[in-house]
Amino acid sequence: MFKILIIDPNTAFRKSLKKSLNSQFPAAELRDTATGEEGLKQMDTFAPHLIFMDLYLPDLGGLDLAKKIRASHSEIIMAIFARYDSPEYQAAASECGVAHLIPKDDWTVKDILALVESVI
């Protein structure tokens, strides 16, 4: 079973994304959390294949979280939500092991579902 973890402090966004993913991929197992620390706790017990996370988390920066995840779980595909899609953000995300930088203002749910489809 394909597992997806969503780490985002915005509850409405997180729940909406989870609902959209569940609707499109009913066989996938989905979990969500608001903080990086809670996300880290999910690594061994839930073992997600794909993680969506926000760049700005209340306890850890998204890039710092990505580094921690990459250090012990190099097989996990990570996508990070950012406000901007600049070359600097792309480079920083790539250095941390993030496969996809998703500009929150420019991407639609359809784009995110297409990304998941390509990963599955």
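Are F52 and F81 buried or exposed? Both of them are buried, and they turn up again in the ring close-up below. One thing to keep in mind for every view: this is a predicted model.

**View 1. Five strands line up in an open sheet.**
Read across the sheet and you meet the strands in the order β2-β1-β3-β4-β5, with parallel pairing. Strands β2 (29–33) and β5 (100–103) sit at the edges, so to speak: each of these has a pairing partner on one side only. Going from one strand to the next, the twist averages 15 degrees. If you are wondering what holds such a sheet together, strands pair through backbone hydrogen bonds, in either a parallel or an antiparallel way.

**View 2. Strand β1 has β2 as one partner and β3 as another.**
Zoom in on β1, which covers residues 3–7 and pairs with β2 in the parallel sense over five bridges. Strand β1 also runs parallel to β3, and here four bridges do the joining. What stands opposite L5 in β2? That is R31. In β3, the residue opposite L5 is I51. Step along to I6 and you find D32 as its bridge partner in β2. Strand β1 is mostly covered, with four of its five residues buried. To get from β1 to β2, the chain passes through α1, and this β-α-β crossover is right-handed.

**View 3. Helix α2 lies across three strands, and Q42 is part of that helix.**
Helix α2 (residues 36–45) lies across β1, β2 and β3 (50–54). Compared with β1, the helix runs at about 165 degrees. Now look for Q42, which is found in α2. Why does Q42 count as buried? Its relative accessibility is 17%, and the cut-off for buried is under 20%. Leaving out residues up to four places away in sequence, Q42 touches L5, R31, A47 and P48. You met L5 and R31 in the previous view, standing opposite each other.

**View 4. A47 sits in the loop between α2 and β3.**
This close-up picks up A47, one of the residues that Q42 touches. Its phi is near 50 degrees, which is a positive value in a residue other than glycine. Is A47 buried, partly exposed or exposed? At 38% relative accessibility, A47 counts as partly exposed.

**View 5. The largest nonpolar core has 20 residues.**
Which residues have the most contacts inside this core? They are I7, I51, M53, L65, I69, M78 and I80. At least two core residues come from each of β1, β3, α3 (62–72) and β4 (77–82). There is also a second, separate core of 17 residues, and L17, F25, A79 and L113 are among them. As a rule of thumb, nonpolar side chains in soluble globular proteins tend to be buried together. For a taste of the crowd in the largest core, follow M53: not counting residues up to four places away in sequence, M53 touches I7, G62, L65, A66, I69, M78, A79, I80 and F81.

**View 6. Three rings, those of F13, F52 and F81, are linked into a cluster.**
How many aromatic pairs does a search of the whole structure find? It finds two. In one, F13 and F81 meet edge-to-face, 5.1 Å centre to centre and with 90 degrees between the planes. F13 lies in helix α1 (residues 11–24) and F81 in strand β4, so this pair ties together parts that are 68 residues apart in sequence. F13 is partly exposed, with a relative accessible area of 24%, while F81 is buried at 2%. In the other pair, F52 and F81 are stacked, 5.7 Å centre to centre and with 20 degrees between the planes. Since F52 is in strand β3 and F81 in strand β4, this pair ties together parts that are 29 residues apart in sequence.

**View 7. D8 is a buried residue in a loop.**
Finish with D8, found in the loop between β1 and α1. D8 has a relative accessible area of 0%, so it is buried. Who are its contacts? Setting aside neighbours within four places in sequence, D8 is in contact with F13, R14, T33, A34, D54, L57, F81 and K104. You may recognise F13 and F81 from the ring cluster.

Terms used
Residues numbered from 1 in each chain as written. Predicted model: local features only at pLDDT ≥ 70, side-chain atom pairs only at ≥ 80, totals over all residues. Heavy atoms only, no water. Pairing = 2+ DSSP bridges. Axes fitted to C-alpha atoms, helices over the stretch in contact; angles between N-to-C directions. Contact = heavy atoms within 4.5 Å. Core = buried A, V, L, I, M, F, W, Y, C linked by side-chain atoms within 4.5 Å. Buried < 20%, exposed > 50% of the residue type's maximum accessible area, 1.4 Å probe, protein only. Phe/Tyr/Trp six-rings, centres within 6.5 Å; stacked < 30°, edge-to-face > 60°. Right-handed = clockwise from strand over helix to strand, strands pointing away.
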